[in-house]
Each structure stands twice: as C-alpha cells, then as structure tokens.
Amino acid sequence: RNLVIRRLADMSAPTKKRRVELVQVAPAGGEASLQLSSFAPTLSLADGVTVTLSSTPPAKTETVANAESLAAVLKRRAEVARQTHDRWVRSPRAAWIQSLLAELGPPAREELLALQRRHTTLAAEDFATRWELGAEWSGRVVALWLGAEGRSVEEVIAKAAEFGHEKEELSSGVVLEGGLLHSLATGADVGVEELLPWVKALTAAAGSAGGAATEAPTASLYRVDPSNHFLTAADTSAPLDSLGDEVRLRIASGRGVGSLNTTFDFASGESGSGVPLLDGYWERLDDATYVVGEGVARLNPRLYLIWKTAGYCTPYHQDVHVPPHFTLYNQTSGASAFHFLPLLLGEYATLVGRRDGPSRLKELLQRLDGEGVGEVATLGPKQMLLILPGGAHGVYVPRPALQLPPPARPLPPFRLSVIRAAELFVAPVCDLYERLLLSAADWATPLGLSEREAEAEAATLDAFAAVQQRACAELGLSRSDWTFFATLLQRRWDAAAEAAGLEQGANRETTIPL
C-alpha cells in the first residue's frame with residue numbers, strides 16, 4: 001500500500017538527521033508578505049455559482065518565534081488531541097463513531113457487515129494498514145448516517161454539538177505568525193514554466209508517489225466539473241509531455257485543475273528530490289522537529305507539492321489517509337482560501353455539494369456564514385497554516401476576477417497556487433491507537449453480530465462448505481489445490497474490481513485531499 005508512508009512502530013527511535021544539498025530558496029524575509037489571513041473570499045462552487053464568506057470569522061493565529069515556540073504549540077495541541085480523541089478520531093472504537101453507528105438501520109448495518117467481512121480477509125499486521133482499514137470503515141459509518149433519508153441540517157448541527165465539534169479544542173486550523181516563518185516559509189509567483197521542471201523531477205524520482213519514470217510518464221491531475229466543482233473527472237492523470245499545454249489551456253479557460261499527489265519521500269535516499277522548494281522545506285522542518293521531539297510529533301518523510309489553478313477546490317474533509325497528524329502548509333505562490341467547519345458539518349457540506357449540487361451547497365454555506373459557523377483563512381505567499389486533526393476543511397483557489405478590488409478585498413492576480421505541505425504525526429494519539437489496534441484480536445470486526453446475524457452467517461458457511469466440497473470432488477482437488485485456485489480467483493476478482501473502480505472513479509478525489 002503506497003499510503004503506508006512509514007511504520008509508526010519504528011517511530012519511537014530518534015530521528016536520523018538527513019542532510020541534503022540545497023539550492024538556495026529565498027526565505028520569507030525581505031519585503032512584507034501579503035497578509036490575507038482575514039480576507040473574506042468569494043468561492044466558486046460551479047461556473048456561475050459563487051458564495052462570499054463575509055460573516056465567517058477569521059481563523060485564530062499562533063505565534064511561533066522559533067523552533068522552541070513551535071514545539072510548545074505542537075505539545076499543547078497534541079495534548080488537546082489526546083484528551084479529545086474519542087470525539088474526532090476516525091476509528092471504529094471512537095465514541096462519536098459508535099454513537100452514529102447506534103442510530104443506523106438494518107440496510108446500513110448489512111453494508112457495514114459486508115465491508116467488515118472484506119477487511120477480515122486482508123493481511124494487515126501493521127498499525128498503518130489497520131488504521132487505514134478502520135478509517136475506511138468509520139468513514140462509511142459517517143457517510144451512511146449523514147446520507148440517511150430525510151436527514152436535515154438541523155439534525156447534523158445538533159449531532160455535531162453533541163460531540164462538541166464546534167468547540168475551540170476541535171478547531172480545524174490556525175494561521176502561523178512570527179519569526180520562525182522567516183526561515184521556514186518562502187514565496188514567489190510561480191507559473192507553468194517554473195512548475196514543469198519540478199513535476200518532471202518528482203515524477204522521475206525514486207521517492208515520488210509514482211516511483212521511477214516509465215516509458216510514458218504521467219502526472220497527477222484532477223479536473224473539476226464546470227457544472228459542480230465538488231465533482232472531478234474520472235481521469236486523474238495527464239501525460240507528462242502534454243501537461244504544460246493542458247494547464248495553460250485550463251488557466252486561459254478558467255477551468256480548475258490541481259495536483260494533490262505530487263510528492264517525494266525523503267526516507268527513500270540521501271540525494272533529495274531535485275526540487276529546491278521541497279528540499280529546503282525538508283531540511284528546515286527536519287531541524288525544527290528535532291527540537292519538537294518524537295514524543296510530541298513525528299515528521300512524515302513524504303512531502304507534498306500541491307499546485308492548482310484558480311477555480312479549483314478540494315471539498316470539505318478530514319485528513320485520514322494516514323494516522324492522526326498535523327499538517328504544515330506554506331503557501332509559496334498565489335492564494336488559497338481554507339474554509340474550516342466543525343467536523344460533522346464539513347462532511348455534510350461535501351455530501352450536499354456532491355449529491356444535491358452547487359445551488360443547495362450555496363444555501364447551506366450562506367446559512368452557516370450568516371450564523372458565524374466555522375472560520376476562514378486565506379493564505380498568500382510566505383504565509384503558513386497549521387491544520388489540526390479534529391476538524392474539517394475545504395480548500396478553494398479564489399478567482400482574482402471575482403474578488404472586489406483593493407482595499408476591500410486585496411487579491412492580486414497570480415498564475416498558479418502552489419503549496420508545500422508536510423505532515424507531523426500526533427504522537428500521543430498515534431501511540432494510543434497503535435496499542436489498541438495491534439493488541440485487539442477483534443480489530444477488524446468492530447460490529448458484533450446479533451443472534452440472528454450469527455445464525456444466518458453459520459447457515460451461509462454450511463451452504464458454502466457444501467458447494468466447495470462438491471467442487472473439490474468433481475474437479476479432484478485437494479485442500480491445498482482448493483486454496484491455490486481460490487487465491488487465483490480472488491486475485492482475478494480484485495483486478496476486475498480495480499479496473500471497474502478506475503472506470504467508475506468519476507467525482508472521487510484522491511485518498512490524500514490536502
């Protein structure tokens with residue numbers, strides 16, 4: 001599984017300091033960066049459908065003067081995450097997931113039992129894989145509860161309040177300010193000409209998401225649907241040799257595209273990524289997190305180069321593709337509007353946007369904005385944001401033409417939005433769930449069977465056994481033969497399911513929606 005970035009069981013060892021040869025990237029010193037943190041953006045939900053977050057309060061700030069003050073912020077936030085984990089962690093054992101599960105009807109229960117049976121057939125001996133499967137199962141619980149027939153926004157708001165999702169301790173993110181940004185952040189306008197060499201270098205690198213280059217290398221590329229920006233096209237890649245032409249056409253036409261999977265794993269070797277923007281970030285973060293300490297937060301060696309055009313959006317989500325973590329974003333070019341919502345409300349907003357369309361989503365966002373629910377942070381070059389694990393966030397690349405002119409909403413034109421991002425595992429929470437998942441014999445069966453369900457499963461097993469015994473007798477198969485052919489059949493089914501998933505993958509984002 002390429003999502004398993006690093007065995008968390010091995011993370012208790014001291015960080016090995018890696019030095020990479022750097023090409024100088026200008027830090028955030030010098031001219032003042034454009035302060036957009038309290039900027040009220042106009043967000044594009046579809047071509048011709050926009051919403052302005054004029055009443056949503058700005059995100060709060062944390063001051064980090066140096067690595068020691070960053071360590072203090074992360075230590076405090078990690079302790080809050082540990083104390084509140086039952087209210088937000090995407091795990092079948094978390095209290096909030098159990099509460100939603102208890103309200104689901106028989107059809108939803110049947111679906112969850114089927115998913116549970118599938119998970120029991122998978123080899124999952126390490127924490128990262130068990131976490132991923134548990135997060136998938138829990139995510140389905142959330143989706144089934146939100147998608148229940150007749151579910152109203154009032155019910156969602158009430159349930160979110162029951163979990164305390166709107167409370168300060170479960171906020172979605174904070175803007176970082178202070179002296180540390182002079183060395184940790186950078187910024188410069190980036191266009192297609194500057195971007196392409198970076199993408200090519202990362203595509204060819206052994207530590208990239210796709211591994212070494214192939215005969216016809218491709219780059220990660222998501223294309224939003226003009227009629228609904230919460231939906232994306234089925235094809236999520238682009239030939240590298242034509243990527244520049246497509247991005248230029250998209251910029252000219254105003255059609256949003258973005259890449260969320262342009263990455264490099266610095267644990268793969270000592271030579272670096274070949275992209276100064278990432279190499280410099282890794283070097284500075286490696287130094288800073290050494291001060292933070294492994295007992296507070298552990299730096300994921302996979303860094304992200306997230307680039308998008310104006311009009312692109314990533315729907316509201318909680319980052320669960322790897323175990324609980326903070327994310328450090330540095331906006332290096334253009335602008336990004338982060339809209340923070342309480343966890344359950346954010347997931348509901350994405351459901352409304354994808355299921356009911358942009359007009360209904362606009363109504364919901366206008367209501368939440370009018371009630372002052374959530375927070376907003378718009379980042380410009382040289383600014384940084386800390387995403388917290390207990391909330392939900394949507395990320396929009398504002399269209400400069402839609403914003404009011406200065407001084408009301410000072411958003412200058414830009415070519416591309418570019419972010420460099422790093423994840424830091426929240427050590428107290430990860431350690432807790434690692435112990436739970438690796439010590440529990442029933443980790444893959446969180447949903448216990450009722451007496452009726454157990455009887456039905458036993459009857460099905462008896463019928464299945466009888467059919468297999470007849471097949472073995474007719475074909476002259478031994479038990480080992482049966483296991484061999486059953487394994488081949490399973491692989492054939494998996495390949496067919498994967499192919500069908502690729503064909504039916506429209507409107508689905510990557511499992512890393514940063």
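Is K159 buried or exposed? I looked this up in the predicted model and found K159 buried, at a relative accessible area of 7%.

**Entry 1, K159 and E162.** I checked the partner of K159 next. K159 forms a salt bridge with E162, and their closest N and O atoms lie 3.3 Å apart. Both sit in helix α5 (residues 153-163), 3 residues apart, which puts about one helical turn between them. I noted that E162 is exposed, with a relative accessible area of 53%, whereas K159 is buried.

**Entry 2, R130 and E125.** I then turned to R130. R130 pairs with E125 in a salt bridge, with 3.7 Å between the closest N and O atoms. I recorded R130 as buried because its relative accessibility is 8%, under the 20% limit. E125, at 63% relative accessibility, I entered as exposed.

**Entry 3, D189 and R415.** I looked up D189 and found a salt bridge with R415, the closest N and O atoms being 2.9 Å apart. This pair links distant parts of the chain, with the two positions 226 residues apart in numbering. I located D189 in the loop between α6 (181-184) and α7 (192-204), and R415 in the loop between β18 (392-396) and β19 (417-426). D189 is partly exposed at a relative accessible area of 43%, and R415 is partly exposed at 33% relative accessibility. I followed the shared partners from there: salt bridges join D189, E193, E194, D245, R248 and R415 into one network.

**Entry 4, total.** I closed with the count for the structure, which is 31 salt bridges.

Conventions:
Residues are numbered from 1 along each chain as its sequence is written. This is a predicted model: local features need pLDDT of at least 70, side-chain atom pairs count only at pLDDT 80 or more; totals for chains, interfaces and linings use all residues. Side-chain values use heavy atoms; hydrogens and water are left out. A salt bridge is a side-chain nitrogen of Lys or Arg within 4 Å of a carboxyl oxygen of Asp or Glu. Buried means under 20% relative accessible area, exposed over 50%, partly exposed in between (1.4 Å probe, protein chains only). Helices (H or I, at least four residues) and strands (E, at least two) are DSSP runs, numbered from the N terminus.
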